Amino acid sequence: MIRDWELEMTDAKDGRAVRKRRDANERSLVADERALRRRAKIIHEKLLATYGEPQWTRRDGVSELVATILSQNTNDSNRDLAYARLRARFPTWAAVRDAPVEAVVEAIRPAGLANQKGPRIQLALRHITEAHGKLDIDFLAQMPVDEARRWLLGIKGVGPKTAAIVLLFCYDKPVFPVDTHVHRVTGRLGLRPPKLTAEQTHEWMERICPPGGQFAFHINLIRHGRAVCHARNPACTRCPLRRRCDYFRRRIQTRGSA
Ligand code: SF4
């Protein structure tokens, strides 16, 4: 068992695991992370009480990957319309892969950036076919999470958020997708160090999220970001999280000292 004040480290010479005493800074980081885990659990539970357990119709991995590429820089209804048009015009993903790019671009136009997303989707479908022999990525379910993530990130145009969505939504992997809402709301709530980028926040949230809560916490943070914690003018006075929120506390203090 590793105690809080110890770090498990690998001896560079012979690969043996050795323990070293944490210095004061490392101990304080561990304490911070434990406090943040507790805070994450409380906030997760409050969001569940507010928005409930989110429901989701699971897609297969390839379909989720295509839908997630379509969702980049657009809203859900535009993504859904583009996805429905794509499915209506092409009977299979193989047909999308082999179609003239202009036909795919035309089908997905409602999602915006169609000239980028069309070729990106076809590239991803070709990549899967070449790497795996067929248009199916269910083998990711059997892979350790880091290996599965690396495999997805090897597809051109697939970034950490898209990879995390596919792994979480389709294969229940314990990852945490971070979009603009999750990044903003976790920052205001003080769930992450303020300077972490969205990309770095993926790994951070994976560490502090209550086990098994990744899907509901991710979806409910997005709901909260859309409904209450808007980018401009967050509706703090009707926010159920305000007693736990760093941003709200700072706002009150600034007003109090003005
Ligand atoms: S109190 Fe305000 S800033 Fe904090 S989470 Fe709620 S809406 Fe967002």
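## Getting to know helix α2 and its surroundings

Reader: How many residues of helix α2 are buried?

Author: Welcome to this predicted model. Helix α2 spans residues 61-71 and is mostly covered. Of its 11 residues, the number that are buried is 10.

Reader: Which residues of α2 are buried?

Author: It helps to walk along the helix from Gly61 and Val62, both of which are buried. The buried residues of α2 also include Glu64, Leu65, Val66, Ala67 and Thr68. The list ends with Ile69, Leu70 and Ser71.

Reader: Which helices do the buried residues of α2 pack against?

Author: Here the partners can be taken in sequence order. The buried residues of α2 pack against α3 (76-89) and α4 (93-98). They also pack against α6 (114-132) and α8 (160-171).

Reader: Are α2 and α6 roughly parallel or roughly antiparallel to each other?

Author: Two packed helices are described by the angle between their axes and the distance between the axes. For α2 and α6, the axes come within 10 Å and cross at roughly 155 degrees. Angles over 145 degrees count as roughly antiparallel. The two helices α2 and α6 are therefore roughly antiparallel.

Reader: Which residues of α6 make the contact with α2?

Author: The crossing of α2 and α6 is right-handed. On the α2 side, the contact is made by Val62, Leu65, Val66, Ile69 and Leu70. By class, this contact has 8 nonpolar, no polar and 2 charged residues. The residues that α6 brings to it are Lys117, Arg120, Ile121, Ala124 and Ile128.

Reader: How is α2 placed against α3, oblique or roughly parallel?

Author: The axes of α2 and α3 are 9 Å apart, and the helices pack at an angle of about 130 degrees. That angle makes α2, relative to α3, oblique.

Reader: Which residues of α3 does α2 meet?

Author: α2 passes α3 in a right-handed crossing. From α2, the residues involved are Ala67, Leu70 and Ser71. The contact of α2 with α3 divides into 4 nonpolar, 1 polar and 1 charged. In α3, the residues met are Arg79, Ala82 and Tyr83.

Reader: What about α8: is α2 oblique or roughly antiparallel to α8?

Author: The axes of α2 and α8 come within 9 Å and cross at roughly 140 degrees. Only angles over 145 count as roughly antiparallel. That makes α2, relative to α8, oblique.

Reader: How many residues in the contact of α2 with α8 are polar?

Author: α2 passes α8 in a right-handed crossing. The contact is made by Gly61, Glu64, Leu65, Thr68 and Ile69 of α2, together with Thr162, Ile165, Val166, Phe169 and Cys170 of α8. These divide into 6 nonpolar and 1 charged, and the number of polar residues is 3.

Reader: Which element gives the largest share of the shell around the ligand?

Author: Of the 14 residues around the ligand, Cys229, Pro234, Cys236, Cys239 and Cys245 come nearest. The elements that give two or more residues to this shell are α9 (180-189) and α12 (246-257). The largest share, 3 residues, comes from α9.

Reader: How many residues of the shell around the ligand are charged?

Author: Nonpolar residues in this shell number 12, and there are no polar ones. The number of charged residues is 2.

Reader: Is asparagine 233 buried or exposed?

Author: Asparagine 233 lies in the loop between α11 (214-227) and α12. The residue has a positive phi of about 50 degrees although it is not a glycine. A residue with 12 or fewer C-beta neighbours within 10 Å counts as exposed. Because asparagine 233 has 6 C-beta neighbours inside 10 Å, its class is exposed.

Reader: Where is leucine 113 found?

Author: Leucine 113 has a positive phi of about 45 degrees, although it is not a glycine. With 16 other C-beta atoms within 10 Å, leucine 113 is partly exposed. Its place is the loop between α5 (101-107) and α6.

Reader: How many helices does the chain have?

Author: Stepping back, the chain reads β-β-α-α-α-α-α-α-α-α-α-α-α-α along the sequence. Of its 258 residues, 32% count as buried. Besides 2 strands, the number of helices is 12.

Terms used. Residues are numbered from 1 along each chain as its sequence is written. This is a predicted model: local features need pLDDT of at least 70, side-chain atom pairs count only at pLDDT 80 or more; totals for chains, interfaces and linings use all residues. A residue is buried if 20 or more other C-beta atoms lie within 10 Å of its own, exposed if 12 or fewer, and partly exposed in between; C-beta atoms are placed from the backbone. Helices (H or I, at least four residues) and strands (E, at least two) are DSSP runs, numbered from the N terminus. Two residues are in contact if their C-beta atoms, placed from the backbone, lie within 7 Å. A residue is near a molecule or strand if its C-beta atom, placed from the backbone, lies within 6 Å of it. Ala, Val, Leu, Ile, Met, Phe, Trp, Tyr, Cys and Pro count as nonpolar, Asp, Glu, Lys and Arg as charged, and the others, Gly among them, as polar. Axes are lines fitted to C-alpha atoms, for helices over the stretch in contact, and angles run from 0 to 180 degrees between N-to-C directions. Angles under 35 degrees count as roughly parallel, over 145 as roughly antiparallel, 65 to 115 as roughly perpendicular and the rest as oblique. A crossing is left-handed if the near helix is turned anticlockwise from the far one by less than a right angle, and right-handed if clockwise.
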